[in-house]
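User: I am new to reading structures. Please take me through this one, step by step.

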Amino acid sequence: MANSTATKARAAEAAETQPLTAKGMLASLLAWLIPGAGHLLLKRYGRGLILMASIVTMFVLGLLMQGHIYRPNGGDILDMLGFVGNVGAGGLYFLTLAKDWGQGAIAHATADYGTKYLIVAGLLNFIAVADAYHIAIGKKS
Amino acid sequence: MILELSHFTAAFFFALFASVVFGITQREGVMAQVKYGAYCFAMFLGGVFVAGWVMWMLRH
């Protein structure tokens, strides 16, 4: 009981120090849809361009290496985890689905690397989204 | 177009991009970001070499 009260107090304190602002939400959404764009919106041009170059290049290399893109209804738990990683790339993921890229070619030895590149590019974009949000709410400079 | 990188080249670029993002997002200030990015990169590639030698020893 006391533990639950302390947890609620900590959550309330965190909500006060990290408010949900429109700017924060917009920066996060934009950062998710277009890697690095959240930082550009917040006038962190250098950071934004480097993040964009890194994440987009990693994603494109993954596609060129014939990596596999996971769909939402993958079936087993590993496919679902792969989907969570992939969907982090936001607009890149949806563009890939729309163009029907990322079918994966197991005949190529590097295709598995490509799959990992695609997943990690999405996960790195999640970190970039959190960074953009923290900058937007003033937690980071 | 199919890109076929060697295992090391693939690991190199993986380490490079991940380190850049880690450096930028996890540290404040340019020097701290560069240092942390370089540290992550060294750890990634160091890990590749260590894992490579461990696999070689297991094989022999």
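User: Before we start, what share of the 60 residues of chain B counts as buried?

Analyst: This is a predicted model, in which local features need pLDDT of at least 70, side-chain atom pairs count only at pLDDT 80 or more, and totals for chains, interfaces and linings use all residues. Residues are numbered from 1 along each chain as its sequence is written, while chains are lettered from A and ligands numbered from 1 in the order in which they are written. A residue is buried if 20 or more other C-beta atoms lie within 10 Å of its own, exposed if 12 or fewer, and partly exposed in between, with C-beta atoms placed from the backbone. For the 60 residues of chain B, the buried share is 20%.

User: And what share of the 141 residues of chain A counts as buried?

Analyst: Chain A has 7 helices and 0 strands. Here helices (H or I, at least four residues) and strands (E, at least two) are DSSP runs, numbered from the N terminus. Of the 141 residues in chain A, the buried share is 43%.

User: What is the radius of gyration of chain B, and why is the chain called more spread out than a compact globule?

Analyst: Chain B has 2 helices and 0 strands. The globule rule, 2.2 Å times the number of residues to the power 0.38, is compared with a radius taken over C-alpha atoms. For 60 residues the rule gives 10 Å, and chain B is well over that, so it is more spread out than a compact globule; its radius of gyration is 14 Å.

User: What box do the C-alpha atoms of chain B fill?

Analyst: The box is taken along the principal axes. Its dimensions are roughly 45 × 35 × 10 Å.

User: How far apart are the end C-alpha atoms of helix α1 of chain B?

Analyst: Helix α1 of chain B covers residues 7-26, which makes 20 residues. The expected span is 1.5 Å times one less than the number of residues. That gives 28 Å, and the model agrees: the end C-alpha atoms are apart by 28 Å.

User: What covers the buried residues of α1(B)?

Analyst: The buried residues of α1(B) include B:Phe14, B:Phe17, B:Val21 and B:Phe22. Contact supplies the cover: two residues are in contact if their C-beta atoms, placed from the backbone, lie within 7 Å. Both chains take part, and the cover includes α2 (30-59) of chain B together with α4 (45-64) and α7 of chain A.

User: How many residues of chain A are in contact with chain B, and how does the chain B side divide?

Analyst: On the chain B side, 15 residues make contact with 22 residues of chain A. Ala, Val, Leu, Ile, Met, Phe, Trp, Tyr, Cys and Pro count as nonpolar, Asp, Glu, Lys and Arg as charged, and the others, Gly among them, as polar. By that rule, the chain B side divides into 12 nonpolar, 1 polar and 2 charged.

User: Which helix gives the largest share of the largest nonpolar core?

Analyst: A nonpolar core is a set of buried Ala, Val, Leu, Ile, Met, Phe, Trp, Tyr and Cys residues joined through C-beta atoms within 7 Å. The largest one has 43 residues, and A:Ile55, A:Tyr117, A:Ala121, A:Ala132 and B:Val21 have the most contacts inside it. Contributors of at least two residues each include α4 of chain A and α1 of chain B. The largest share, 14 residues, comes from α7(A).

User: Where do the buried residues of helix α5 of chain A lie, seen down its axis?

Analyst: Helix α5 (residues 77-87) has A:Gly82, A:Gly85 and A:Asn86 as its buried residues. The arc is that of the directions from the helix axis to the C-beta atoms. These residues fall within 100 degrees, so they line one face of the helix.

User: Is A:Leu78 buried or exposed?

Analyst: A:Leu78 is found in helix α5 of chain A. Inside 10 Å it has 10 C-beta neighbours, so A:Leu78 counts as exposed.

User: How far apart in space are A:Gly24 and A:Tyr133?

Analyst: A:Gly24 is found in helix α2 of chain A and is buried, with 21 other C-beta atoms within 10 Å. Leaving aside neighbours within four places in sequence, A:Gly24 is in contact with A:Tyr133, A:Ala136 and A:Ile137. A:Gly24 and A:Tyr133 are 109 residues apart in sequence, but C-alpha to C-alpha the distance is 5.1 Å.

User: Is A:Gln66 buried or exposed?

Analyst: A:Gln66 lies in the loop between α4 and α5 of chain A. Its phi is near 65 degrees, a positive value in a residue other than glycine. With 24 other C-beta atoms within 10 Å, A:Gln66 is buried.
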